[in-house]
Amino acid sequence: MDRKSHGIRAGTVVALGVLGVVVGAAARPHLDVAAQVSVKLSEWNVALSQASIAAGPVTFVITNAGSIPHGFEVEGQGIEKEIETIQPGASDTLTLTLKTGSYDVYCPVGEDSHKKLGMDTHLKVVSGSSQAPSGYGASEMGESHMKAERVQAIRVTGGGPVIQILPGPFPFPDSAAPILAAFGDEREGLESQVKNGPYSNNVVKSSGTFTFTAWDKGAVRDSVAGVAEFATQDGARWKLVMDRVQTKDVPHHPRFGGVIMGLYYHGVTQVHTPLVPTINSAVALWAFGHLYKNDVLVTDNAMVHVMLLSRTRRDGDFALTCWDCSKNKIEELQLQILPGPGEPKFDAPGGFLFVNWGKSSSRQPARGM
Ligand SMILES: [Cu+2]
């Protein structure tokens with residue numbers, strides 16, 4: 001039968017899924033044949049052809065409709081099975097015998113970084129031959145919104161040695177090369193950064209302070225407040241006052257609503273540029289800020305990327321020491337500032353500002369902050 005002919009709108013399926021209601025009673029005609037669930041993977045979504053299915057043999061027909069490699073894993077009721085990562089445009093199948101209950105179905109690529117980005121949904125397996133109407137349902141956005149109601153906040157204070165990072169070659173070009181190949185249109189721009197980009201061993205000692213508070217409230221209500229003051233090698237004094245989060249996603253570079261806690265990304269993960277070692281971050285954020293140089297306003301639209309991440313640089317010369325830095329202690333605080341869209345480059349080497357506090361700390365802010 002043509003499953004699409006039921007014509008149920010995806011939104012309807014999602015809404016019912018959130019309420020936990022199993023609807024419809026389209027009988028499965030042949031119980032001895034594995035029922036089929038179509039799975040469409042994309043950035044950053046796992047869409048199933050139906051939200052529930054009858055217990056028994058089930059064949060998942062998985063298509064990667066995205067632009068980077070993805071995987072597929074089914075977990076629940078004692079089962080944990082995954083396929084090998086599939087390339088964009090490719091398909092694979094996975095047949096499992098499923099008991100009744102709820103199963104987590106997600107993309108396991110990047111130690112759950114894709115899952116955190118939204119590539120996560122559920123399949124309900126019910127007894128008998130009833131199943132929910134077909135039609136692709138998106139990942140359960142409603143559910144993730146509910147999870148996100150639990151507001152997370154973090155207050156971060158920069159500490160330890162402060163360095164300014166200047167443009168230079170990326171120290172792990174061979175490790176990054178195969179990852180870059182998956183970046184499509186963005187590859188060219190990134191390849192020029194391999195030779196001369198912001199993740200270099202070209203550093204100078206600096207000084208300054210940076211404290212901020214960030215709130216992770218889900219996809220659209222994140223916020224941030226904080227001030228950084230630092231000196232650059234030319235003797236200029238800079239001040240950044242963070243204003244509001246950046247929420248607009250760019251391909252391969254989702255901004256998670258502006259603030260995200262606990263993200264494994266960069267490097268091998270295919271989430272954000274691989275011209276940064278693979279890291280874990282306690283908090284990563286994208287914001288706009290007011291930038292002042294020697295007390296004179298430079299812009300009200302400075303683009304800011306901050307992360308409190310697992311250590312990437314060694315003591316002494318502050319060289320990048322690891323391609324996979326994800327297991328290191330989370331204590332580096334990075335502040336990158338770029339001109340706003342359409343604005344001229346900053347009067348600084350490479351046209352950007354990049355400052356790193358080597359031994360930083362974080363805590364949960366007092367309530368009401
Ligand atoms: Cu994925």
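Strands (E, at least two residues) and helices (H or I, at least four) are DSSP runs, numbered from the N terminus. The model shown in every view is predicted.

**Figure 1. The loop between strand E1 and E2, with tryptophan 44.** Tryptophan 44 is placed in the loop that follows strand E1 (35–42) and precedes E2. The peptide bond between glutamate 43 and tryptophan 44 is cis, with omega at about 0°. Strand E2 itself covers residues 45–48.

**Figure 2. The open sheet with the order E2-E1-E4-E7.** Four strands make up this sheet, and their pairing is mixed. Strand E2 (45–48) and strand E7 (91–98) are at the edges; each has a single partner strand, so one side of each lacks a neighbour in the sheet. On average, neighbouring strands here are turned by 25° against each other, direction ignored. Strand E4 (residues 56–64) pairs with E7 in the antiparallel sense, and eight bridges join the two. In this pairing, valine 61 stands opposite threonine 93 of E7. In general, the strands of a sheet are paired through backbone hydrogen bonds, in either a parallel or an antiparallel way.

**Figure 3. The open sheet with the order E3-E9-E8-E5-E6.** This sheet has five strands and mixed pairing. Its edge strands, E3 (52–54) and E6 (79–82), each pair on one side only. From one strand to the next, the twist averages 25°. Within the sheet, strand E5 (residues 73–76) and strand E8 (residues 101–106) run antiparallel and are joined by three bridges. Glutamate 75 has aspartate 104, in E8, as its bridge partner.

**Figure 4. The largest nonpolar core, with valine 259 and its contacts.** The core holds 75 residues, of which Val46, Val259 and Leu285 touch the most other members. At least three residues of the core come from domain 1 (3–146), and at least three from domain 2 (152–363). Apart from neighbours within four places in sequence, valine 259 is in contact with Ala214, Trp215, Asp216, Asp222, Val224, Val245, Val283 and Leu285. Leu285 thus appears both in this list of contacts and among the three core residues named above. Nonpolar side chains in soluble globular proteins tend to be buried together. Over the whole protein chain of 369 residues, 37% count as buried.

**Figure 5. Histidine 266, a non-glycine residue with positive phi.** The phi of histidine 266 is about 65°. This residue is in the loop between strand E15 (259–265) and strand E16 (279–293). Histidine 266 counts as buried because 29 other C-beta atoms lie within 10 Å, where 20 or more are required.

**Figure 6. Phenylalanine 318, a non-glycine residue with positive phi.** Here phi is about 60°. Phenylalanine 318 belongs to the loop between strand E17 (296–310) and strand E18 (330–338). Phenylalanine 318 has 19 other C-beta atoms within 10 Å and is therefore partly exposed; a buried residue would need 20 or more.

**Figure 7. Lysine 359 and the residues it touches.** Lysine 359 sits in the loop between strand E19 (353–357) and strand E20 (361–363). With residues up to four places away in sequence left out, lysine 359 touches Gly159, Gly160 and Glu331. Glutamate 331 is 28 residues away along the chain, and its C-alpha atom is separated from that of lysine 359 by 5.1 Å. Lysine 359 counts as partly exposed because it has 14 C-beta neighbours inside 10 Å.

**Figure 8. Confidence along the protein chain.** The chain has five helices and 20 strands. Its pLDDT averages 84, and 83% of the residues score at least 70. Among the elements, E19 has the highest mean pLDDT (98), while helix H1 (residues 10–19) has the lowest (36). Residues 1–31 have pLDDT under 50 throughout; the model gives this stretch 54 contacts beyond four places in sequence. Residues 130–134 also have pLDDT below 50, and for them the model has 28 contacts beyond near neighbours in sequence. Predicted coordinates should not be read in detail where pLDDT is low. For the protein chain, 68% of the contacts between residues at least 6 apart in sequence join residues at least 24 apart.

Terms used. Residues are numbered from 1 along each chain as its sequence is written. This is a predicted model: local features need pLDDT of at least 70, side-chain atom pairs count only at pLDDT 80 or more; totals for chains, interfaces and linings use all residues. A residue is buried if 20 or more other C-beta atoms lie within 10 Å of its own, exposed if 12 or fewer, and partly exposed in between; C-beta atoms are placed from the backbone. Two residues are in contact if their C-beta atoms, placed from the backbone, lie within 7 Å. Two strands pair if DSSP finds at least two bridges between them. Axes are lines fitted to C-alpha atoms, for helices over the stretch in contact, and angles run from 0 to 180 degrees between N-to-C directions. A nonpolar core is a set of buried Ala, Val, Leu, Ile, Met, Phe, Trp, Tyr and Cys residues joined through C-beta atoms within 7 Å. Domain bounds come from an automatic or database domain assignment. pLDDT is the predictor's confidence in each residue, from 0 to 100.
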